Amino acid sequence: MSSPNVLDDLEWRGLIAHSTDRDALRAALGAGSVKFYVGFDPTAPSLHMGNLVQLVTARRLQEAGHTPYVLVGGATGMIGDPRDSGERTLNSLDTVKEWTERVRAQVSRFVTFEGANAATTVNNYDWTASLSTIDFLRDIGKHFPVNRMLARDTVKRRLESGISYTEFSYVLLQSMDYLNLFREHGVTLQFGGSDQWGNITGGAELVRRVTGENAYGFATPLITKTDGTKYGKTEGGALWLDAEMLSPYAFHQFWLNVEDEKVGELLRIFTFLTREEIEDLEQQTAEKPFLRAGQKRLADEVTALVHGAEEVEQAKAAAAALFGGGDLADIKPDTLASALREAGGTTVPAGELPDILDLLVSAGLATSKGDARRTVSEGGAYLNNVRVEDPELRPTAADLVGGAWLVLRRGKKKFAGIEVR
């Protein structure tokens with residue numbers, strides 16, 4: 001049976017930014033298993049942190065007894081939702097098909113396809129590709145007043161700089177998805193990010209206009225940093241969920257470094273910890289912020305959710321070893337490589353290696369050979385976690401960790417990698 005309190009839990013977690021009739025939605029969610037859908041457009045080869053909000057929300061609803069339909073937008077991904085920054089670059093059909101399969105594989109890890117309320121994945125290309133222009137305009141376009149479409153926030157912001165008819169009509173395609181899923185599968189709830197609110201309400205309104213039946217929707221909030229800027233960016237770009245595009249080590253480090261003020265909010269949104277556990281971690285963060293208890297638990301939970309428990313242990317072991325608290329030989333080569341590339345450093349050709357002073361300068365850990373020499377004499381230079389005593393030391397191939405790396409450290413907190421190619 002579904003839980004009558006799932007909406008209350010979503011509200012406590014800060015996951016409801018907007019919704020259609022709140023009382024009617026609560027009643028529907030309390031009356032039985034609601035079929036719901038959430039969509040992901042393959043406009044990149046991987047999903048990212050913003051999509052993760054929707055994925056964990058889908059899991060919460062499924063765990064409360066509701067039935068997920070996870071839509072991958074093979075059709076809408078050909079166009080892309082309008083955005084404030086300007087017209088999107090249209091990708092080829094082959095590219096979108098490839099990304100569709102990658103995204104489908106990613107979303108499939110977050111819901112279960114077994115049991116009474118098993119998830120279903122759908123692709124809107126299946127019901128959109130064969131639709132004629134005439135049928136689309138008569139059956140769908142007829143229900144969308146242009147003045148309402150012009151009133152959408154993103155459209156209003158784009159009118160001066162220009163918006164193509166392609167992107168302007170995106171709302172019709174997404175609304176048609178809701179109507180199709182309502183008719184074919186009995187789906188009565190759609191949710192998505194707050195930037196999707198106009199599309200969500202457009203779909204619910206289309207269902208009502210065409211069938212006379214009620215359909216529901218809600219939107220999750222945009223996750224921002226304390227200064228109001230968007231979360232989901234690392235130094236290297238978006239916070240991708242694909243391990244090939246952002247290593248599990250870098251992913252774990254991102255969550256480990258969030259601001260104290262945001263820990264409670266992010267624990268509520270992204271983890272499945274209980275209310276008591278989260279409130280206890282919030283209290284620990286407030287009373288002893290230097291322990292970073294909230295950040296550590298957040299990083300472990302979210303990394304395990306996205307990449308698995310083994311990668312959490314590897315990320316923690318790598319961080320400990322790089323700061324001198326573990327054996328570098330115990331770290332998987334790919335984890336070590338990604339951690340060292342995150343830290344920065346340089347590459348040198350294979351063969352006779354530079355001496356330790358040149359390496360410290362090349363890695364950015366010393367400003368000059370004189371600075372490097374002082375660091376060695378003061379006992380602050382380390383090679384592969386062993387203190388360097390000799391300023392004339394020249395590493396050899398036998399010193400390479402994982403067959404390709406030298407790990408340099410200055411003091412307790414500054415380290416860098418030298419990749420030998």
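Of the 421 residues in the protein, buried residues make up 50%. Buried means under 20% relative accessible area, exposed means over 50%, and partly exposed lies in between (1.4 Å probe, protein chains only). This is a predicted model, in which local features need pLDDT of at least 70 and side-chain atom pairs count only at pLDDT 80 or more, while totals for chains, interfaces and linings use all residues. Residues are numbered from 1 along each chain as its sequence is written, and side-chain values use heavy atoms, with hydrogens and water left out.

**Whole chain**

Start with the complete model. Its C-alpha atoms fill a box of roughly 80 × 45 × 40 Å, taken along the principal axes. Colour by secondary structure to see 19 helices and 13 strands. Here helices (H or I, at least four residues) and strands (E, at least two) are DSSP runs, numbered from the N terminus. Switch on the surface: about 19600 Å² is accessible, and 49% of that belongs to carbon and sulfur atoms. Such areas come from the Shrake-Rupley method with a 1.4 Å probe; for residues, only the protein chains shown count as cover. Among contacts with a separation of 6 or more, 73% are between residues 24 or more positions apart. Contact means heavy atoms within 4.5 Å.

**Strands β2 and β3**

Select residues 67–72, which are strand β3. Six of the six residues there are buried, so the strand is largely enclosed by the rest of the structure. In a regular strand the side chains alternate between the two faces of the sheet. In β3, one side carries Thr67, Tyr69 and Leu71 and the other Pro68, Val70 and Val72, and both faces are covered. Now add residues 35–40, strand β2, which pairs with β3 in the parallel sense over six bridges. Two strands pair if DSSP finds at least two bridges between them. Val38 is the residue opposite Val70 in β3.

**Thr57**

Next, select Thr57 in helix α3 (residues 49–63). Is Thr57 buried or exposed? Thr57 counts as buried because its relative accessibility is 0%. Its side chain reaches the backbone oxygen of Val53 at 2.7 Å. Leaving out residues up to four places away in sequence, Thr57 touches Leu10, Leu15, Phe191, Phe218 and Thr220.

**Salt bridges**

A salt bridge is a side-chain nitrogen of Lys or Arg within 4 Å of a carboxyl oxygen of Asp or Glu. By this rule the count comes to 24 salt bridges. Show the side chains of Asp242 and Arg102, which meet in one of them (2.7 Å, N to O). The two come from distant parts of the chain, 140 residues apart: Asp242 is in the loop between β8 (237–238) and α12 (248–256), and Arg102 is in helix α4 (residues 93–107). Asp242 counts as buried at 13% relative accessibility, whereas Arg102 counts as partly exposed at 28%.

Move to Arg208 and Glu205, whose side chains also meet in a salt bridge (2.7 Å, N to O). Both lie in helix α11 (residues 197–211), three residues apart, about one turn of the helix. Arg208 is partly exposed, with a relative accessible area of 41%.

The next pair to select is Arg297 and Glu277, a salt bridge with its closest N and O atoms 3.9 Å apart. Arg297 is in helix α15 (residues 293–307) and Glu277 in helix α14 (residues 275–287), so this pair ties together parts that are 20 residues apart in sequence. Arg297 counts as partly exposed at 29% relative accessibility, and Glu277 is partly exposed with a relative accessible area of 32%. Then show Asp8, Glu11, Arg22 and Arg26, which are joined into one network by salt bridges that share partners.

**The five-stranded sheet**

Which order do the strands of the open sheet have? The five strands run β9-β13-β12-β10-β11, with mixed pairing. At the edges stand β9 (345–348) and β11 (386–387); each has a single partner strand, so one side of each is left without a neighbour in the sheet. Select β10 (residues 381–383) to see the two bridges that join it to β11 in an antiparallel arrangement. Leu383 faces Val386 of β11, standing opposite it.

**Last stop**

Finish with Leu150 in helix α7 (residues 146–150). Leu150 counts as partly exposed because its relative accessibility is 35%.

Notes. Polar contact = N/O pair within 3.5 Å; in protein donor to acceptor, adjacent residues only side chain to side chain.
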